[in-house]
Amino acid sequence: MFDAIAPRYDLLNRLLSAGIDRHWRAKAIAALRLTGRETLLDVCTGTADVALEAGDGAARVLGVDFAGSMLQIGLQKVRAAGRASRITLVQGDAMRLPAADGTADAATVAFGIRNVQDPAVGCAELARVLRPGGRLAILEFGMPRIPGISRLYLWYFSRVLPLVGRMISGHTGAYTYLPASVGTFPPPADFVKILQRAGFSQVDAVPMTFGIVYLYIAVKA
């Protein structure tokens, strides 16, 4: 599914979020407090948007994703930006990351943790790869709590988004899967507990854009 939508993935991200996705990614990267010396791990890197933005603040970025077509587009973007010497993209499993223990100073996951077969295992892997004191920033969709906004968002998310996504991507199921996967993902309080059990401390869940998206910030204990 992800390979099938790769050619239109970036366009749909910009269109369906009205461009706000750039703001969300910038907030996540800012939460890492990068100094320019860090090795950053970007899991579920997709077409490498986060890896490219984080490359301005980190010395080295390793992007991991299981979708080969996404990575091919990401690699084209990395080369076009002249970042191939600092950003490496590899195909891999978020539940078995291709990195040694304690080798990353920071880590990010943007809208991908809900796609991991077992998010708890994915979080434990992030904790394994991060050094003690390393910072983690995860972006994931949520459900707004404000009644009027919640109803409008649910209508857009369940009706408009799948229709537009299907028309542009040509894939019948991908943008129906998106709202379904968000609906089954643990609510913020429960996901905070998953991160704590995985080995993270100072875990915060920060709502953004009326709670449409949450930024989870944590520190490897």
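Where is Ala 58 found? Ala 58 sits in the loop between helix 3 (49-54) and strand 2, and the views below start there. This is a predicted model, where local features need pLDDT of at least 70, side-chain atom pairs count only at pLDDT 80 or more, and totals for chains, interfaces and linings use all residues. Residues are numbered from 1 along each chain as its sequence is written, and side-chain values use heavy atoms, with hydrogens and water left out.

**View 1. Ala 58 and its surroundings.** Helices (H or I, at least four residues) and strands (E, at least two) are DSSP runs, numbered from the N terminus. At 1% relative accessibility, Ala 58 counts as buried (buried means under 20% relative accessible area, exposed over 50%, partly exposed in between, with a 1.4 Å probe and protein chains only). Leaving aside neighbours within four places in sequence, Ala 58 is in contact with Leu 34, Gly 36, Glu 38, Leu 40 and Arg 86 (contact means heavy atoms within 4.5 Å).

**View 2. The open sheet.** Seven strands line up in the order 3-2-1-4-5-7-6, with mixed pairing (two strands pair if DSSP finds at least two bridges between them). At the edges are strand 3 (87-91) and strand 6 (200-208), each pairing on one side only. Strand 4 (residues 104-110) and strand 5 (residues 130-141) run in the parallel sense over six bridges; one of the bridge partners is Leu 130 in strand 5, matched with Ala 104. Helix 2 (residues 20-31) packs on the sheet, touching strand 5, strand 6 and strand 7 (213-220), and its direction makes about 165 degrees with that of strand 5 (axes are lines fitted to C-alpha atoms, for helices over the stretch in contact, and angles run from 0 to 180 degrees between N-to-C directions).

**View 3. The two sides of helix 7.** In helix 7 (residues 174-184), the buried residues are Ala 174, Tyr 175, Leu 178, Pro 179, Ser 181 and Val 182. They span an arc of only 160 degrees around the axis, which puts them on the same side of helix 7 (the arc is that of the directions from the helix axis to the C-beta atoms). On the other side, Gly 183 and Thr 184 are exposed. Helix 1 (2-16), strand 5 and helix 6 (147-169) are among the elements covering the buried residues.

**View 4. Aromatic pairs.** The whole structure holds six aromatic pairs (rings of Phe, Tyr and Trp, its six-membered ring, pair if their centres lie within 6.5 Å; planes under 30 degrees apart count as stacked, over 60 as edge-to-face and the rest as tilted). The ring centres of Phe 2 and Phe 66 are 6.0 Å apart and their planes are at 50 degrees, so the pair is tilted. Ring pairs also link Phe 185, Phe 191, Tyr 214 and Tyr 216 into a cluster.
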